[in-house]
Amino acid sequence: MDPIHLSDDLRLLQRQVRRFVDDVVLPNGAAWETAGMIPRDVLRQMGALGFLGIRCPEAYGGSGMNALASVAFAEELARCTFGGVTMTALVHTDMATPHIVRAGSDDQKRRYLPPIVKGETITAIVVTEPDAGSDVQGLRTAARREGNGWILNGTKRFITNGVYGDLYVVAARTDTSVKPSRGMSMFLVERRTPGVKVVKKLEKMGWLCSDTAEIVFEDVRLPADALLGEEGKGFYAVMDNFQNERLVAAALYAGEADKAIEIALDYVMTRKAFGGTLWDKQVIRQRLAALAAQVEAGRQLVYHAAWLDAQGRDAVREVSMVKAFCGELVNRVMYDCQQFHGGLGYMHEAAIERMARDARVQSIGGGATEVMLEEVARRLDPERL
Ligand SMILES: Cc1cc2nc3c(=O)[nH]c(=O)nc-3n(C[C@H](O)[C@H](O)[C@H](O)COP(=O)(O)OP(=O)(O)OC[C@H]3O[C@@H](n4cnc5c(N)ncnc54)[C@H](O)[C@@H]3O)c2cc1C
């Protein structure tokens with residue numbers, strides 16, 4: 001059942017994404033997984049199709065749509081079964097670039113947004129550090145003023161698009177004399193700036209075609225206009241954008257989970273055992289039905305939260321709920337769907353094997369389940385808590 005907020009325009013967008021997945025992703029995804037990257041031409045192709053500018057204003061070549069478009073895009077792309085493809089695109093469209101859309105100066109927008117929309121410049125959001133993950137206030141990367149600009153030093157890790165991307169949106173301390181929440185700022189840092197060192201391309205369990213970097217900033221000289229938004233407001237910028245990140249992440253999880261059920265259904269309908277198909281076993285039918293009900297519930301909450309966001313209403317409670325709910329659910333769905341595939345589900349040739357590996361990080365990254373549930377708990381009854 002399609003959510004009521006999925007308009008005809010968004011269905012059209014999803015059909016375009018589906019065609020791109022069929023024509024480009026499915027024939028090539030396995031090769032990209034082996035290569036550990038997605039060719040830039042493919043990202044340019046996504047740009048030409050208008051997928052990378054959904055949240056960018058029309059003045060810069062985008063289509064200026066809202067969170068509903070982001071979740072429709074994320075959900076459909078996630079059905080491609082290659083989590084690394086989905087993540088590469090969504091970090092660019094919904095996790096890094098919105099910082100520029102929201103806080104960029106006219107000059108920064110004019111310079112960066114058109115190539116971002118075309119897929120010529122790929123962005124990364126650079127927040128996590130060895131000693132600061134869930135707790136963003138722990139970060140140590142610092143930028144100090146020097147002359148007319150800044151000098152940036154620090155180490156970042158687990159950065160998606162950090163190896164092959166071009167433009168980093170970096171969170172750094174700019175005032176260590178105040179609380180981290182007041183002394184943090186955002187910067188635009190081009191990867192090719194002297195002193196920016198991608199020290200490691202990290203090897204992962206899943207999302208193999210998505211590149212993940214450990215980055216060191218060593219006396220990186222930045223011009224004054226590398227500052228993105230107001231000095232000292234970086235922590236709030238990260239927290240604000242977390243809402244969009246978590247919402248599209250939940251949409252991604254719902255899309256992957258729904259696709260996994262579809263794949264498992266195809267399999268159990270034909271796989272024979274004990275005198276019938278696996279579908280003939282009530283326990284399998286009912287487990288799939290129960291999972292489908294939960295995925296549908298998650299999906300509806302994704303669209304509801306996106307609608308709240310599009311109305312300009314506070315959706316922190318709903319976004320936190322749905323990130324936690326779908327992040328756990330997608331893992332349960334993958335576990336069961338892999339189980340129903342028997343030994344085949346353990347083989348690289350089966351999409352479900354990759355999908356199960358890809359799903360594991362989804363209750364961890366971008367706000368671990370426990371952190372999301374704390375956000376929900378705080379909002380259960382603000383009077384009493
Ligand atoms: C593949 C991948 C890609 C990523 N991409 C990016 C990126 O592009 N940019 C970026 O900045 N970061 C990125 N990250 C980082 C990601 O967002 C962090 O890993 C995540 O926020 C968790 O931080 P951490 O790993 O430091 O775990 P920690 O913060 O050390 O937490 C470890 C565990 O402790 C538990 N926990 C944490 N806090 C609480 C609490 N308050 N209550 C109870 N339990 C708690 C949770 O179970 C959590 O999983 C990526 C990570 C991965 C794995």
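Here are some notes on this predicted model, point by point.

1. **Ground rules.** Residues are numbered from 1 along each chain as its sequence is written, and side-chain values use heavy atoms, with hydrogens and water left out. In this predicted model, local features need pLDDT of at least 70 and side-chain atom pairs count only at pLDDT 80 or more, while totals for chains, interfaces and linings use all residues.

2. **Who sits around the ligand.** Start with the ligand, which has 16 residues around it. A residue counts as near if one of its heavy atoms lies within 4 Å of the molecule. The ones that come nearest are Ile125, Thr128, Ser134, Phe158 and Thr160. By class, the shell has nine nonpolar, five polar and two charged residues. Here Ala, Val, Leu, Ile, Met, Phe, Trp, Tyr, Cys and Pro count as nonpolar, Asp, Glu, Lys and Arg as charged, and the others, Gly among them, as polar.

3. **Close polar pairs with the ligand.** Which atoms should you zoom in on? A polar side-chain atom of Thr128 lies 2.6 Å from a nitrogen atom of the ligand. Ser134 also uses its side chain: an N or O atom there is 2.6 Å from an oxygen atom of the ligand. With Phe158 you should look at the backbone instead, where an N or O atom lies 2.8 Å from a ligand nitrogen. The protein buries 64% of the 970 Å² that the ligand exposes when taken alone. (Accessible areas come from the Shrake-Rupley method with a 1.4 Å probe; for residues, only the protein chains shown count as cover.)

4. **Which elements supply the shell.** Strand S3 (149–160) and helix H10 (369–378) are the elements that give two or more residues to the shell around the ligand. The largest share, three residues, comes from S3. The labels follow DSSP runs numbered from the N terminus: helices are H or I with at least four residues, strands are E with at least two.

5. **Two buried threonines.** Thr369 lies in helix H10 and is buried, with a relative accessible area of 9%. (Buried means under 20%, exposed over 50%, and partly exposed in between, with a 1.4 Å probe and protein chains only.) The side chain of Thr369 is joined to that of Glu328 by a polar contact of 2.6 Å. A polar contact is a pair of N or O atoms within 3.5 Å; within protein, one must be able to donate a hydrogen and the other to accept it, and residues adjacent in sequence count only if both atoms are side-chain atoms. Thr88, in helix H4 (residues 83–103), is buried too, at 5%. From Thr88 to Ala30 it is 58 residues in sequence and 15 Å in space, C-alpha to C-alpha.

6. **Salt bridges.** How many salt bridges does the model have? The count comes to 28, where a salt bridge is a side-chain nitrogen of Lys or Arg within 4 Å of a carboxyl oxygen of Asp or Glu. Arg44 and Asp41 make one of them, with the closest N and O atoms 2.9 Å apart. These two are three residues apart in helix H2 (residues 40–48), so about one helical turn separates them. Arg44 is partly exposed at 37%, whereas Asp41 is exposed at 53%.

7. **More charged pairs.** Lys259 and Glu262 are also three residues apart, about one turn, in helix H6 (residues 234–270), and their closest N and O atoms are 3.0 Å apart in a salt bridge. Lys259 is buried at 18%, but Glu262 is partly exposed at 32%. Asp131 pairs with Arg140 at 3.3 Å, and both are exposed. For a bigger arrangement, look at the network of salt bridges that links Asp2, Asp8, Arg11, Glu75, Glu296 and Arg299.

8. **Unusual backbone angles.** Most residues other than glycine have a negative phi. Thr81 is not a glycine, yet its phi is positive, about 80°. Thr81 sits in the loop between helix H3 (67–78) and H4, and is buried at 6%. Phe274, also not a glycine, has a positive phi of about 50°. Its place is the loop between strand S9 (272–273) and strand S10 (276–277), and Phe274 is exposed at 82%.
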